[in-house]
Amino acid sequence: MSKKHVLFVCATGIATSTVVAEKVTQYCREKGLEIEYHQSNVASVPKNCNGIDLIISTTNIPYKLDVPVIRGLNLLTGIGEDDTLKKIYDILIK
């Protein structure tokens, strides 16, 4: 399976997206799935989603995109985290 490309998004592209990126990367690595990721602030999403397989965001993305978007806020709170990680994995292995 080829390496998947994920864009992690938060308001600034630095804080919460980093925490979520670390959790998702670790989960995927444990499942044998290699991902390459980038981080972005929400305003830069349209210009940063070329070649991206999945966007995981801790904030609302107000754009219509051709890339699947997963809300990643519960990866910060821990509530429903396992379901979200499974959903992310399922999207990436398709």
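# Sheet, helices and cysteines

Trainee: What makes β1 and β3 a pair of strands?

Mentor: Four bridges join β1 to β3, and the two run parallel. Strands pair if DSSP finds at least two bridges between them, so β1 and β3 qualify. Strands here are DSSP runs (E, at least two residues), and helices are DSSP runs too (H or I, at least four), all numbered from the N terminus. The model is predicted, so local features need pLDDT of at least 70 and side-chain atom pairs pLDDT 80 or more, while totals for chains, interfaces and linings use all residues. Residues are numbered from 1 along each chain as its sequence is written, and side-chain values use heavy atoms, without hydrogens and water.

Trainee: Which other strands pair with β1 and β3?

Mentor: β1 (residues 4-10) also pairs with β2, in the parallel sense, over seven bridges. β3 is joined to β4 by three bridges, again parallel. One row across the sheet can be followed residue by residue: V9 has S40 as its bridge partner in β2 and stands opposite S57 in β3, and S57 in turn stands opposite R71 in β4.

Trainee: Why is the sheet called open?

Mentor: Its four strands come in the order β2-β1-β3-β4. β2 (35-41) and β4 (69-71) each have a single partner strand, so one side of each is left without a neighbour in the sheet. From one strand to the next the twist averages 25°.

Trainee: How do you know that helices pack on the sheet?

Mentor: Contact means heavy atoms within 4.5 Å. Helix α1 (residues 15-30) touches β1, β2 and β3 (54-57), and its direction makes about 150° with that of β1. Helix α4 (residues 81-93) touches β1, β2, β3 and β4, at about 170° to the direction of β4. Such angles run from 0 to 180 degrees between N-to-C directions, and axes are lines fitted to C-alpha atoms, for helices over the stretch in contact.

Trainee: What describes the packing of α1 and α4?

Mentor: Two packed helices are described by the angle between their axes and the distance between the axes. For α1 and α4 these are about 65° and 11 Å. K23, V24, Y27 and C28 in α1 meet residues of α4, among them L85, I88 and Y89. The contact residues divide into seven nonpolar, no polar and three charged.

Trainee: What makes both faces of β3 count as covered?

Mentor: Buried means under 20% relative accessible area, exposed over 50%, and partly exposed in between (1.4 Å probe, protein chains only). L54 and I56 on one side of β3, and I55 and S57 on the other, are all buried.

Trainee: Is D66 buried or exposed?

Mentor: D66, in the loop between β3 and β4, has 84% relative accessibility and therefore counts as exposed. Its C-alpha is 9.6 Å from that of D53, 13 residues away in sequence.

Trainee: How many disulfides are there?

Mentor: Zero. A disulfide is a pair of cysteine sulfur atoms within 2.5 Å. C10 is in none, and its nearest cysteine sulfur, that of C49, is 16 Å away. Seen from C49, the closest cysteine sulfur is that of C10, too far for a bond.

Trainee: Why do C10 and C49 count as buried?

Mentor: C10 has 3% relative accessibility and C49 has 14%. Each value is set against the burial cut-off given for β3, so both residues count as buried.

Key:
Ala, Val, Leu, Ile, Met, Phe, Trp, Tyr, Cys and Pro count as nonpolar, Asp, Glu, Lys and Arg as charged, and the others, Gly among them, as polar.
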